[in-house]
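This report goes through a single protein chain, from its overall makeup to its cores, its cysteines and its internal spaces. The sequence and coordinates come first.

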Amino acid sequence: MCSCEERPRGWGRCAPSPALLLSLLLSAAPLGLLGEEARQVSLEVIPNPVGPPENLLHIRAVGSNSTLHYVWSSLGPPSVLLVATNIPHSVLSVNWSLLLSSEPTGGLVVRPKGSIQFSSALVFTRLFEFDGTNTSDMVADPPGKPYPPYCLADFSWDNITDSLDPATLSATFRGHPIDDPTRAFANGSLAFRVQAFSKSSRPDQPPRLLHTADTCQLEVVLAGAVPRGNCSLFRLEVATLGQGPDCPSMREQHSIDDEYAPAVFQLEQLLWGALPSGFAQWRPVAFSQKQGGRESALPCRASPLHPSLAHVSQSPIVRAFFGSQNNFCAFNLTFGASTGPGYWGQRYLSWSMLLGVGSPPVDALSPLVLGIMAVALGAPGLMLLAGGLFLLLGPKRYSEYQPIN
């Protein structure tokens with residue numbers, strides 16, 4: 001059985017320094033709202049007129065002078081295209097005959113092509129499982145004995161139309177392996193819940209990532225599947241398309257404010273190019289309960305990006321839009337550790353990320369933290385100032401003794 005030792009409080013990789021404290025106090029303006037605009041958002045499941053229904057979801061977010069297109073699909077492995085144009089009337093064109101063929105290039109087109117300012121893709125290729133029972137090193141790779149991975153291109157997915165919710169601008173891709181000899185997913189599923197936003201806000205559940213009208217949120221949930229080990233750790237493989245010969249960059253931001261994600265002071269960002277460009281961002285934390293909280297928080301570790309072609313060619317929508325490009329890179333997200341809470345407790349794992357264009361949203365310091373900082377940094381200064389004024393302006397006492405001369 002795996003150990004259930006309590007994780008030390010504040011398990012983030014580094015604590016905020018005094019220099020960071022002062023710099024954030026001076027820059028506490030709401031930078032995440034700069035350049036924000038409201039958008040008219042629509043969700044559409046694009047029907048296949050030549051065959052059975054296929055899961056192709058188009059999210060179109062129209063601004064005053066631009067349009068964002070998010071195309072999500074479970075044709076092959078779960079994938080998303082992100083396309084940004086500089087006009088408010090660009091449209092997505094789908095050629096189903098090409099898209100479902102063995103050579104799908106040209107099956108997805110955003111018109112007019114000359115309006116495209118940015119385009120890329122994410123492909124969720126494989127789910128790995130490891131037995132971490134005897135693993136004490138949190139950064140070990142692999143984090144335990146590996147089991148055969150689940151190839152997400154070989155999953156069967158529910159009809160996306162059944163979960164489409166225009167009121168919340170959300171939909172869920174839910175699936176399980178077609179071939180499941182151990183019946184691990186007999187009562188379980190892997191779900192990708194997608195949600196768009198028309199304005200800036202943040203969700204009620206941790207990690208409560210700040211989103212804007214320029215972003216779309218993905219929540220990945222593994223629930224009910226029987227783990228193959230006593231202390232199973234899971235890893236999600238993600239592939240992306242680079243903007244040139246090099247891989248996108250991974251950047252880590254630090255904060256002193258953990259109001260929205262207790263004990264998590266980091267924010268991971270995947271950047272496809274110089275800002276403003278496309279980005280993905282997430283907190284390095286997952287949760288082992290539906291009501292996510294500090295007691296159910298799991299560490300989430302991202303590996304460095306590396307060039308890769310494995311399994312990416314299985315995504316028809318990526319091939320349909322980008323053709324024969326081969327500048328793909330991949331990274332892994334590993335959830336949990338052999339100590340503390342884990343998936344094995346309630347057979348539940350959730351993790352969230354944002355995907356968007358422009359400058360990534362940045363959390364301003366909360367009023368509570370600003371108040372604490374003002375008291376902590378301002379009170380000593382006020383006391384010194386009051387003491388100095390008292391010495392200068394207070395009543396003066398004169399000696400009763402007269403000088404000899």
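In the protein chain, 67% of the contacts with a separation of 6 or more are made by residues 24 or more positions apart. The model is a predicted one. Its secondary structure consists of five helices and 22 strands. Of the 405 residues, 50% count as buried.

**Confidence**

The mean pLDDT of the protein chain is 83, and 79% of the residues score at least 70. Over residues 3-36, pLDDT stays under 50. For that stretch the model has 54 contacts beyond four places in sequence. Predicted coordinates should not be read in detail where pLDDT is low.

**Nonpolar cores**

The largest nonpolar core holds 56 residues, and the members that touch the most others are I59, W72 and F124. Strand β22, residues 348-358, supplies the largest share of this core, with five residues. There is also a second, separate core of 22 residues, with L56, L241, F321 and F328 among its members.

Which residues does F124 touch, leaving aside those up to four places away in sequence? The list is W72, P77, P78, L152, F192, L218, L236, E237, V238 and M353. W72 thus appears in two roles: as a contact of F124 and as one of the core members with the most contacts to other members.

**Cysteines**

The count of disulfides comes to one. The bond joins C247 to C329, with an S to S distance of 2.0 Å. The angle about the S-S bond is -95°, and the link is left-handed. C247 sits in the loop between β14 (232-241) and β15 (249-254), while C329 belongs to strand β21 (residues 328-335), so the pair ties together parts that are 82 residues apart in sequence.

The accessibility of four cysteines, including the two of the disulfide, is listed below.

| Residue | Relative accessibility | Class |
|---|---|---|
| C231 | 0% | buried |
| C247 | 25% | partly exposed |
| C300 | 4% | buried |
| C329 | 3% | buried |

Buried means under 20% relative accessible area. At 25%, C247 therefore counts as partly exposed, whereas its partner C329, at 3%, counts as buried.

**Pocket and cavities**

The volume of the largest pocket is about 590 Å³. Its lining comprises 36 residues, of which R193, Q195, P203, Q217 and E219 are the closest to the centre. Four elements each give two or more residues to this lining: β11 (170-177), β12 (189-196), β13 (215-223) and β22. The most comes from β12, with five residues.

How many cavities of 30 Å³ or more are there? The count is eight. The largest cavity has a volume of about 70 Å³, and its lining is made up of L127, L190, V220, L222, L236, F335, L349, S350 and W351. Here the elements that give two or more residues are β13 and β22, and β22 has the largest share, with three residues.

Strand β22 recurs across these features. It gives five residues to the largest core, two or more to the lining of the largest pocket and three to the lining of the largest cavity. L236 also links two of the descriptions: L236 touches F124 and lines the largest cavity.

**Two glycines**

G132 is placed in the loop between β7 (116-131) and β8 (145-146). Is G132 buried or exposed? With a relative accessible area of 0%, G132 is buried. Not counting residues up to four places away in sequence, G132 touches P143, C231, L233 and S338. One of these, C231, is likewise buried, at 0% relative accessibility. The C-alpha atoms of G132 and A337 are separated by 7.5 Å, although the two residues are 205 residues apart along the chain.

G358 lies in strand β22. Its relative accessibility is 12%, so G358 counts as buried. From G358 to A84 the C-alpha to C-alpha distance is 9.7 Å, and the two are 274 residues apart in sequence.

Terms used. Residues numbered from 1 in each chain as written. Predicted model: local features only at pLDDT ≥ 70, side-chain atom pairs only at ≥ 80, totals over all residues. Heavy atoms only, no water. Core = buried A, V, L, I, M, F, W, Y, C linked by side-chain atoms within 4.5 Å. Buried < 20%, exposed > 50% of the residue type's maximum accessible area, 1.4 Å probe, protein only. Contact = heavy atoms within 4.5 Å. Disulfide = S-S within 2.5 Å. pLDDT = per-residue confidence, 0-100. 1 Å grid on protein atoms, 1.4 Å probe; cavity = no way out; pocket = protein on both sides within 12 Å on 5 of 7 lines; lining within 4 Å. Points joined across faces, edges and corners; volume = space filled by probe spheres on them.
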